[in-house]
Structures are given as C-alpha cells and as structure tokens.
Amino acid sequence: MNEAEKLLRTVFRFGAAEEWDAIATIDRSRADSWAHIHPDARYSLFGPSGTKEMLVGRDAFLDFVARCAAAISERSDEIVAIHGIDEQCALVQARAYRRSRATGEDIRYEWAMLYRVEDGRITYGADMLDADAQAFWGRALG
C-alpha cells in the first residue's frame with residue numbers, strides 16, 4: 001500500500017463502520033480536520049458551475065465544497081474502492097446520490113477521483129464524472 005492509498009483510506013475512513021460524509025463534516029474551526037490537504041493543493045472538479053473548475057489552495061477547495069453543499073439538499077457517498085497507483089497517486093471509486101435543492105431533481109452516479117499525495121498531504125485531485133452527472137451539476141442551482 002502506497003502513501004497516497006494509506007492517507008486516503010484514513011481520510012475516507014475506508015473499511016470503517018461509519019460512512020464518509022465530507023460535506024456534512026466541514027468545520028473550519030478545526031484546522032486539523034483539513035491538515036491532510038496541502039495549503040497550496042490544486043483540484044480539478046465538477047460542481048455547481050456545470051463546468052470543470054480549477055481550484056488552487058485548500059481554502060478554494062473548502063469554498064467549493066461549501067458551494068456544493070448549498071446546491072444540494074440530500075447526498076450520500078459510498079466509497080467502493082481505493083487503489084494505489086504508484087508511490088504518490090491513488091484512485092478513489094465511489095457511488096453517489098445527490099438531490100438538487102433548487103429543483104428537487106435527484107441522481108445516482110459513480111465517480112472516481114485521482115489524488116496525488118506528497119509528504120503526507122494531498123497536493124492534487126481530479127474528479128471524473130460521467131456526462132449525466134456533469135449535466136446534473138450544471139442544473140443543480142436551478
């Protein structure tokens with residue numbers, strides 16, 4: 001198991017009895033909650049803009065997560081697998097459920113995200129969503 005896979009298994013509590021729910025557990029008052037993300041981390045993610053967004057920095061990522069949380073009224077994620085790729089990279093596979101707060105539309109889809117980990121922190125993440133999921137996020141704000 002590489003460094004990235006070890007960190008992501010801990011972050012996502014993969015293999016633990018409890019379900020991971022990042023949007024519901026954001027607590028900016030607890031800096032240690034996000035210590036696993038490098039302050040200058042870069043992310044390439046789909047969200048409420050309906051397009052792929054390039055985020056630079058942990059704060060930009062946390063703002064993105066807050067925007068996503070505001071756009072949806074219900075959500076769940078089931079982490080299916082975490083695969084180490086090389087010394088610094090791992091792929092997370094999951095099943096998702098989302099309901100738009102604005103429209104009530106709901107969707108179930110699978111997502112994958114590639115992460116790079118350096119010196120015990122996430123330095124890069126890029127998600128992969130199918131066309132239906134991308135379109136849902138484009139309509140999530142109504």
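How many aromatic pairs does the structure hold? I'll get to that in point 5; here are my notes in order, and bear in mind throughout that this is a predicted model.

1. **The sheet.** Start with the six strands, which form an open sheet with mixed pairing. Reading across, the order is S2-S1-S6-S5-S4-S3. The edges belong to S2 (52–56) and S3 (72–84); each has a single partner strand, so one side of each is left without a neighbour in the sheet. On average, neighbouring strands here are turned by 20° against each other, direction ignored.

2. **S1 next to S6.** If you want to look at one strand pair, try this one. S1 covers residues 37–46 and S6 covers residues 121–129, and the two pair in the parallel sense over four bridges. As a general reminder, strands of a sheet pair through backbone hydrogen bonds, either parallel or antiparallel. A handy landmark on S1 and S6 is Ser44, which stands opposite Ala126 in S6.

3. **Asp127.** This one sits in strand S6. Is Asp127 buried or exposed? With a relative accessible area of 10%, Asp127 is buried, because the cut-off for that class is under 20%. Its side chain reaches the backbone nitrogen of Phe46 at 3.2 Å. Setting aside neighbours within four places in sequence, Asp127 is in contact with Ser44, Leu45, Phe46, Lys52, Ala112 and Met113. So Ser44 turns up twice in these notes, as a contact of Asp127 and as the residue opposite Ala126.

4. **Salt bridges.** There are 11 of them in the structure, and I'd pick out three.

   - Glu5 pairs with Arg9, with the closest N and O atoms 3.0 Å apart. Both lie in helix H1 (residues 3–11), four residues apart, which is about one turn of the helix. Glu5 is buried at 11% relative accessible area, whereas Arg9 is partly exposed at 25%.
   - Arg99 pairs with Glu74, and here the closest N and O atoms are 3.1 Å apart. This bridge links distant parts of the chain: Arg99 is in strand S4 (residues 89–100) and Glu74 is in strand S3, 25 residues apart. Both ends are partly exposed, Arg99 with 26% relative accessible area and Glu74 with 38%. Salt bridges with shared partners also bring in Asp106, so that Glu74, Arg99 and Asp106 make one network.
   - Arg75 and Asp77 meet through their side chains at 2.1 Å, N to O. Both of these residues are buried.

5. **Aromatic pairs.** Back to the opening question: the structure holds four aromatic pairs. In Phe12 and Tyr115, the ring centres are 6.1 Å apart and the planes stand at 65°, so the pair is edge-to-face. Phe12 is in the loop between H1 and S1, while Tyr115 is in strand S5; the pair links distant parts of the chain, 103 residues apart. Both Phe12 and Tyr115 are buried. Another edge-to-face pair is Phe136 with Trp137, at 5.7 Å centre to centre and 80° between the planes. Phe136 is buried at 0% relative accessibility, and Trp137 is buried too, with 4%. Ring pairs also link Trp34, Tyr43 and Phe61 into a cluster.

6. **Asp119.** What is the phi of Asp119? It is near 50°, a positive value in a residue other than glycine. Asp119 is found in the loop between strand S5 (106–118) and S6. With 78% relative accessibility, Asp119 counts as exposed, because the cut-off for that class is over 50%. Compare Asp127 in strand S6, which is buried.

7. **Where to look first.** If you open the model with a few minutes to spare, I'd go to these spots:

   - the parallel pairing of S1 and S6, together with the contact from the Asp127 side chain to the backbone nitrogen of Phe46;
   - the network of Glu74, Arg99 and Asp106;
   - the edge-to-face rings of Phe12 and Tyr115;
   - the positive phi of Asp119, in the loop between S5 and S6.

Terms used. Residues are numbered from 1 along each chain as its sequence is written. This is a predicted model: local features need pLDDT of at least 70, side-chain atom pairs count only at pLDDT 80 or more; totals for chains, interfaces and linings use all residues. Side-chain values use heavy atoms; hydrogens and water are left out. Two strands pair if DSSP finds at least two bridges between them. Axes are lines fitted to C-alpha atoms, for helices over the stretch in contact, and angles run from 0 to 180 degrees between N-to-C directions. A salt bridge is a side-chain nitrogen of Lys or Arg within 4 Å of a carboxyl oxygen of Asp or Glu. Buried means under 20% relative accessible area, exposed over 50%, partly exposed in between (1.4 Å probe, protein chains only). Rings of Phe, Tyr and Trp (its six-membered ring) pair if their centres lie within 6.5 Å; planes under 30 degrees apart count as stacked, over 60 as edge-to-face and the rest as tilted. A polar contact is a pair of N or O atoms within 3.5 Å; within protein, one must be able to donate a hydrogen and the other to accept it, and residues adjacent in sequence count only if both atoms are side-chain atoms. Contact means heavy atoms within 4.5 Å.
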